[in-house]
Amino acid sequence: MPRCLARLVSCLLLVAALHALGGGSVLAQAPSPGTTGEPAQTLTPGEAKSLARLLENAESRQALVEKLNAIAAQPTGGQAAGAPAVAEQPAAPAVEPARRSLPRQIAEFTRDAGEGAAAFAVRVLSDLRGLAAIGDGRQIDWGALGQTVLQLAIVVAVTVAVFRLLNAATRVVYARLGRSAGRAGLLGSLALLAGSTVLDAVMILIAWGVGYAIALGVLGTAGRMDIVQTLYLNAFLIIELIKVVLRAVFAPRYADLRILPFSDLNAAYWYSWLSRIVSLLGYGSLVVVPVVNANLGFTTGRSLQVLIALTGLVMAILVILQNRRPVRDGLRRHATERGDMTARVAAQIGRVWHIAALAYVLALFVVWVSRPGDAMTYMLMATGKTIGAVLIGFLVVSAISRAIAGGLHVPDEMRERLPLLEGRLNAFVPNVLRAVRLIVFLFVVGAVLDAWDVADLGGWLASEGGQTFVAALASAAAILFVAWLLWLGMSSWVEYRLNPNVGRAAGARERTLLQLLRNAMTVLLIAIALMLALSEIGVNIGPLLAGAGVLGLAIGFGAQKMVQDVITGAFIQFENAINEGDVVTVAGTTGVVEKLTVRSVGLRDLSGTYHIVPFSAVDTVSNFMRGFAYHVAAIGVAYREDVDEVKQAMRDAFDDLRAGEHGANILDDIEMQGVTEFADSAVTVRARIKTLPGMQWAVGRAYNEVVKRVFDRRGIEIPFPHRTIYWGEDKQGHAPALRVDSDHKAAPGGSLPAASMSES
């Protein structure tokens, strides 16, 4: 205290001297234009805070007045008598403070934290030692003190008696409300609970009003009441209303009105201990301490307040530690029974609730000791803001979690038109909701820190920097959202155009171009949206654009093959050479086109192998799916067969084919081209059938089957390779003897006839 007082006096003297020299206020005065002197010095935030705290304390204020009077009584002349004259020194040039390194900042922070904790502990011990000096140096009017205590006891007895009588008279009403709540649903129970809470609060107000009437009309003189009675009545109103909230939460007497899943024993336990702690802190701080301050001195009152806070701290810590596991196990069982998102969040809270509770009661104790003047008001405001922020955040996060778990559903008609829309929405919207959930969590944390004066979130949001940051973040989010809407609309339009169940079916070229359009627009939207979003949050995109240009130039030189792929692919698309679903031959590979990008084509061949062919490797494109196609039937028959008969059989087979299921795929009559080759074992007769593009293979397979049946019925031989074996002859024309198996008989004369032998 002496050090703080000396520092405060020095600050006041400095302010007074600067005020006398500058002729005005120096607390926030800047040097006027044209002046060359040093700027007026101001109080630092720490000095201003120390000044405010010292002026709040009556003892410190009195000591300050005495010190200032002693200074004022010293000889004038600019310095105290006997003080050595101090020569004026030229002002030292301003030196910019050196930038502190991160390790130094951490070291200074830990040092300040350690010193603050040690100073706090010393302060608490010194305050407790003040109880040993009760009444020292003060003349206590014990008669007046007894009269005050007696009148206070009368007011206390009246208010408590009135409240108990009202409570006993309304038990029937509470019982009826409880029975009604047992039969009602959730909303009905909430309404009945609200009604019982209002009734409870009305009884408190009635008892408070009766107490005020007794204090003014019976105990007071000339309509004036003692300040101690006012303190009690105000404390009674505040504390009992807090207990009303506790009774609404726990409902210790009427279980049917209880919303939270507490057993009767647990509800009574928690309400009992919490109400005791609230009564101890409330009545002790708002009634007992002011009475002691007025009659026994501020030092004794200060010591008593610290003792009350320490007692409440010990009680709260014991209750928390005793119920750490029961609360955790109860929340875990509740989560197992319900299984929804809210219950799972409650189970996670059950693991760490005791840590948060201990931190809260310790913060309450520190504030109570550090800010004795407004500890109760500060804690009530901070606690209320914290509960409100956490409750709102919990409700918002729970709603978002339910939306994420449930997903989005589109109407059946829209699902039929846009089958992929629901999947796109469920792929994007949950991620946005997760981001919103994170932002809500950060704002809840900021609101809690702001409520406890750790961070000034409200001031930061009201400042120019905070508003600029929030506006930039909102603008960036709006840009990304609009870009997503454009992408969703464009993708849905392409999907609608490609949907064969709606409108006319899109052709192969249209499908290819629409998919390429969707890919190109996606890349373009992503690039533009990212650039605009970065620009909104303050990133200079000029260097990014320049870097992108340089990077593109480097890629152009280093990836010439890729550039060739893109250019060749663009010309191939421009010439409509390949579309998805076509059967083509490119770079020696034949297959169905499954995927077509601006730089490559994906083929699936007959064996199911997937090939990716870059367009730079494509010299020739052979497309089997343009306009029409032909099945070329080159059929070999034996040399002994009549060609005209073979042609007629092939025409008859074509007629049978055309009359069947493949008739719709045939575009014209068979084109008979006649004999095209004299092969080793057969004469090749060729014909050609004109079909729809892509149907030539199916028509050809069906025609071969019909030709085989017709040839078999007419005895037309479809030969396979033949080989004639010559055994040799003597001059009489007889062939040499041939050894045969014992199961076979030789021909007369010991020779066998010339035989034909097949080869596969």
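**Notebook: N623, two sheets and a helix pair**

I began at N623, where I found that the side chain makes a polar contact of 3.1 Å with the side chain of D582. I am working from a predicted model, and I keep that in mind for every value below.

**Entry 1: around N623**

I looked up where N623 sits, and it belongs to strand β5, which covers residues 621–623. I then followed its side chain further and saw that it also reaches the backbone nitrogen of M625, at 2.8 Å. Leaving aside residues up to four places away in sequence, I listed what N623 touches, and the list reads A577, I578, D582, V583 and V584. Two of the residues on that list, V583 and V584, led me on to strand β1, which spans residues 583–586.

**Entry 2: the sheet that holds β5**

In which order do the five strands of this open sheet lie? I read the order as β4-β3-β2-β1-β5, with antiparallel pairing. The edges are formed by β4 and β5, each of which pairs on one side only, and I noted that neighbouring strands are turned against each other by 45 degrees on average, direction ignored.

I went through the pairs one by one, beginning with β1 and β2 (residues 589–596), which run antiparallel and are joined by four bridges. V584, which I had already met as a contact of N623, stands opposite G591 in β2. The two strands make a hairpin with two residues between them, and in its turn A587 has a positive phi of about 50 degrees.

Next I took β2 and β3 (residues 600–604), an antiparallel pair that is also held by four bridges. Here L596 stands opposite V601 in β3, and the hairpin of β2 and β3 has three residues between the strands.

The last pair I checked was β3 with β4 (residues 610–614), which run antiparallel and are joined by five bridges. S600 has P614 in β4 as its bridge partner. This hairpin has five residues between the strands, and I wrote down G608 for its positive phi near 95 degrees.

**Entry 3: the sheet of three strands**

I then turned to another open sheet, which has three strands in the order β6-β8-β7 and antiparallel pairing. Its edge strands are β6 (629–637) and β7 (671–678), each pairing on one side only, and the twist from one strand to the next averages 25 degrees. I counted the bridges between β6 and β8 as nine, with the two strands running antiparallel, and I noted A634 opposite R686 in β8.

Which helices lie across these strands? One is α21 (residues 643–659), which lies across β6, β7 and β8 and runs at about 25 degrees to β8. The other I recorded is α22 (residues 696–714), which lies across β6 and β8 and runs at about 25 degrees to β6.

**Entry 4: helices α9 and α10**

I looked up the pair formed by α9 (residues 264–296) and α10 (residues 298–322), whose axes come within 8 Å and cross at roughly 175 degrees. Because angles over 145 degrees count as roughly antiparallel, I entered α9 and α10 as roughly antiparallel to each other. Sorting the residues of their contact by class gave me 17 nonpolar, nine polar and two charged residues.

**Entry 5: how far I can lean on the model**

Before closing the page I checked the confidence, and the chain averages a pLDDT of 74, with 67% of the residues scoring at least 70. Where in the chain is confidence lowest, and where highest? It is lowest in strand β10 (residues 756–758), at a mean of 40, and highest in strand β8 (residues 683–691), at 93. I also marked residues 1–41, where the pLDDT is below 50 although the stretch has 37 contacts in the model beyond near neighbours in sequence. Residues 76–98 have a pLDDT below 50 as well, and for that stretch I noted five contacts beyond near neighbours in sequence.

Terms used. Residues numbered from 1 in each chain as written. Predicted model: local features only at pLDDT ≥ 70, side-chain atom pairs only at ≥ 80, totals over all residues. Heavy atoms only, no water. Polar contact = N/O pair within 3.5 Å; in protein donor to acceptor, adjacent residues only side chain to side chain. Contact = heavy atoms within 4.5 Å. pLDDT = per-residue confidence, 0-100. Pairing = 2+ DSSP bridges. Axes fitted to C-alpha atoms, helices over the stretch in contact; angles between N-to-C directions. Parallel < 35°, antiparallel > 145°, perpendicular 65-115°, else oblique. Nonpolar A, V, L, I, M, F, W, Y, C, P; charged D, E, K, R; others polar.
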